[in-house]
Amino acid sequence: MRTTVEREERENPLKTGLRLDRSAPPCTVVIFGASGDLTRRKLIPALFNLFEQDLLASGFSVLGSSRSRMDHQKFRQEMRASMEEYGNGGIDDNVWRSFAEGLFYEPSDPSDPASYDRLLKRLQEIDQERGTSENRLFYLSTPPSVYADIISRIGEKKLGHSQTGWTRIVVEKPFGRDYASARELNQLLQNVFSEEQIYRIDHYLGKETVQNILALRFANGIFEPIWNRRYINHIQITAAESIGVEDRGGYYEQAGALRDMIQNHLFQLFTLVAMEPPVSLDAESVRDEKTKVLRAVRPLSSDRVHEHAVRGQYADGSVGGRRVRAYRSEDRVDPASRTETFAALKLYADNWRWAEVPFFLRSGKRLPRRVSEIAIQFRRAPHLIFTESDPYDANTLVLRIQPDEGISLKFRAKMPGQSFHVRPVHMDFQYGASFGKRSADAYERLLLDAMLGDPTLFARSDMVEISWKILMPVLEAWENSDEEIPFYPAGSWGPREADELIEFPGRRWRMP
């Protein structure tokens, strides 16, 4: 039976969707921007971990490329140093030597056509030496400003097509900065690659706890019957960070919280929570249902944005007992900046399941702690017979994404003793404690999926464009507004206006 399943996965990867037993075929991962931070922190450690688990073929290879001048040996040395700094520790020297034999490097300039001639020649040499059969995964680990050059040159040199194998491309976020630029980037990609070859990556979807949303909803008969407007009061999706912009001030000035977190990460969580059951777990069935959720979002009126969106910017304050400076005092930040470091949205999905149930999405920097979670607050009992009942203490199911991955259910129970008093208690599931093993890094999962040709956890072109279209009234209203941006002290849960956004009997922001 296992042989039959494995053969079906290889012959038709889209049919089997979220698979269990997986091993990637021989291929070459071409990393543009190989000297950058993402490659060192995430990509090489993830690829090495996959190799160590025997999930990559013996001929697996990496071809690094960037403007930095170095040879194969220097690249291998730098990647070993990255593993020692960012890996899980305990690197087996024999395993590393075997892995490093497949690491190669070719300097290139994204805008120089001759660079791609050299890349093609190097790829052909790797195919001959390592038996990779012209299977190639291009990874854009570069600033978005050079995406167009790289994609266009790949097209000119016909690198996006293989005679004997497959070719795919992974594009990092941000995927555009508005609706028009996202459409333009999609068109550019689709001029060179087919949609089936394009993998728009969002590392949040590679997290085990995010994937567990599907299991919680569709593998348990007790949740789906109450997963609707009849039983749920509202849903809060939070991605909070205690850090500031660190050394990313230049990037953040061009992005802001709405573009950096909500358009991609939080919208993906929103669709997973709100989607209908797919007919199967194949890639297109799952992505079809997620896209339907975005299509159902009630359009935001440009003249009423203030009723559905709030922004803020952190001022001086204290986080974890340490004084921190305001955003406007950070390096490479405009002293008069109006960029939001906090954003909150109230959305409605106008369909039969969710009609009039508000979804509250918020993300911010310099909040009290780092936490990402989805909180499903159920409706209160229709008649409260216990006088001490707190109207805000409704049953709540919390899906913790980070850092304490797990699920918690809050309900009320009688306290021990002769008197009849009730209080909230929590039933808790902790991911690590229950399974006793390390969760795979998100990039491990997503890189392996891309090599296997499984796009289930990657965004499709229509999903990206619709998400930008939803946000355009907010972005335009904020950019055209003359009002001063609201401030919040670093170490608080955001500006006062965010409390007003959610304010309603029985509703208030959680403070995880």
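Helices and strands here are DSSP runs, numbered from the N terminus. The model is predicted.

**Exercise 1. Determine where Pro 403 and Pro 174 lie, and which peptide bonds precede them.**

Solution.
- Step 1. Pro 403 is placed in the loop between strand 14 (396-402) and strand 15 (406-414).
- Step 2. The bond joining Gln 402 and Pro 403 is a cis peptide bond, with omega about 0 degrees.
- Step 3. Pro 174 belongs to the loop between strand 5 (167-171) and helix 8 (179-192).
- Step 4. From Lys 173 to Pro 174 the peptide bond is cis, and omega is near 5 degrees.

**Exercise 2. Describe the backbone of Ser 133 and its location.**

Solution.
- Step 1. The phi of Ser 133 is positive, about 55 degrees, although the residue is not a glycine.
- Step 2. Ser 133 sits in the loop between helix 6 (113-130) and strand 4 (136-140).

**Exercise 3. Characterise the packing of helix 3 against helix 14.**

Solution.
- Step 1. Helix 3 (residues 37-52) and helix 14 (residues 442-452) have axes 9 Å apart and pack at an angle of about 70 degrees.
- Step 2. Angles of 65 to 115 degrees count as roughly perpendicular; helix 3 and helix 14 are therefore roughly perpendicular to each other.
- Step 3. Their crossing is right-handed.
- Step 4. On the side of helix 3, the contact involves Leu 38, Lys 42, Leu 43, Ala 46, Leu 47, Asn 49 and Leu 50; helix 14 contributes Tyr 443, Glu 444, Leu 447, Leu 448 and Met 451.
- Step 5. By class, the residues of this contact are nine nonpolar, one polar and two charged.

**Exercise 4. Carry out the corresponding analysis for helix 3 and helix 4.**

Solution.
- Step 1. The axes of helix 3 and helix 4 (residues 72-86) cross at roughly 90 degrees and come within 9 Å.
- Step 2. This angle makes helix 3 roughly perpendicular to helix 4.
- Step 3. Thr 39, Arg 40, Arg 41, Ile 44, Pro 45 and Phe 48 of helix 3 meet Met 79, Ser 82, Met 83, Glu 85 and Tyr 86 of helix 4.
- Step 4. The contact of helix 3 with helix 4 comprises six nonpolar, two polar and three charged residues.

**Exercise 5. Give the geometry and composition of the contact between helix 11 and helix 15.**

Solution.
- Step 1. Helix 11 (residues 257-274) and helix 15 (residues 461-480) pack with their axes 11 Å apart, at an angle of about 145 degrees.
- Step 2. The crossing of helix 11 and helix 15 is right-handed.
- Step 3. Among the residues that meet are Leu 258, Arg 259 and Phe 267 in helix 11, and Trp 468, Leu 471 and Trp 478 in helix 15.
- Step 4. Ten nonpolar, three polar and two charged residues make up the contact of helix 11 with helix 15.

**Exercise 6. Assess the overall dimensions of the protein and the confidence of its model.**

Solution.
- Step 1. The secondary structure comes to 16 helices and 17 strands.
- Step 2. The C-alpha trace spans about 80 × 60 × 45 Å along its principal axes.
- Step 3. A compact globule of 512 residues would have a radius of gyration near 24 Å, and the 24 Å of the protein agrees with this.
- Step 4. The average pLDDT is 89, and 94% of the residues score at least 70.
- Step 5. Confidence is highest in strand 11 (residues 342-348), at a mean of 98, and lowest in helix 1 (residues 2-11), at 39.
- Step 6. The pLDDT is below 50 over residues 1-16, a stretch with 16 contacts in the model beyond near neighbours in sequence.
- Step 7. Where pLDDT is low, predicted coordinates should not be read in detail.

Methods. Residues are numbered from 1 along each chain as its sequence is written. This is a predicted model: local features need pLDDT of at least 70, side-chain atom pairs count only at pLDDT 80 or more; totals for chains, interfaces and linings use all residues. Side-chain values use heavy atoms; hydrogens and water are left out. pLDDT is the predictor's confidence in each residue, from 0 to 100. Helices (H or I, at least four residues) and strands (E, at least two) are DSSP runs, numbered from the N terminus. Contact means heavy atoms within 4.5 Å. Axes are lines fitted to C-alpha atoms, for helices over the stretch in contact, and angles run from 0 to 180 degrees between N-to-C directions. Angles under 35 degrees count as roughly parallel, over 145 as roughly antiparallel, 65 to 115 as roughly perpendicular and the rest as oblique. A crossing is left-handed if the near helix is turned anticlockwise from the far one by less than a right angle, and right-handed if clockwise. Ala, Val, Leu, Ile, Met, Phe, Trp, Tyr, Cys and Pro count as nonpolar, Asp, Glu, Lys and Arg as charged, and the others, Gly among them, as polar. The radius of gyration is taken over C-alpha atoms; the globule rule is 2.2 Å times the number of residues to the power 0.38.
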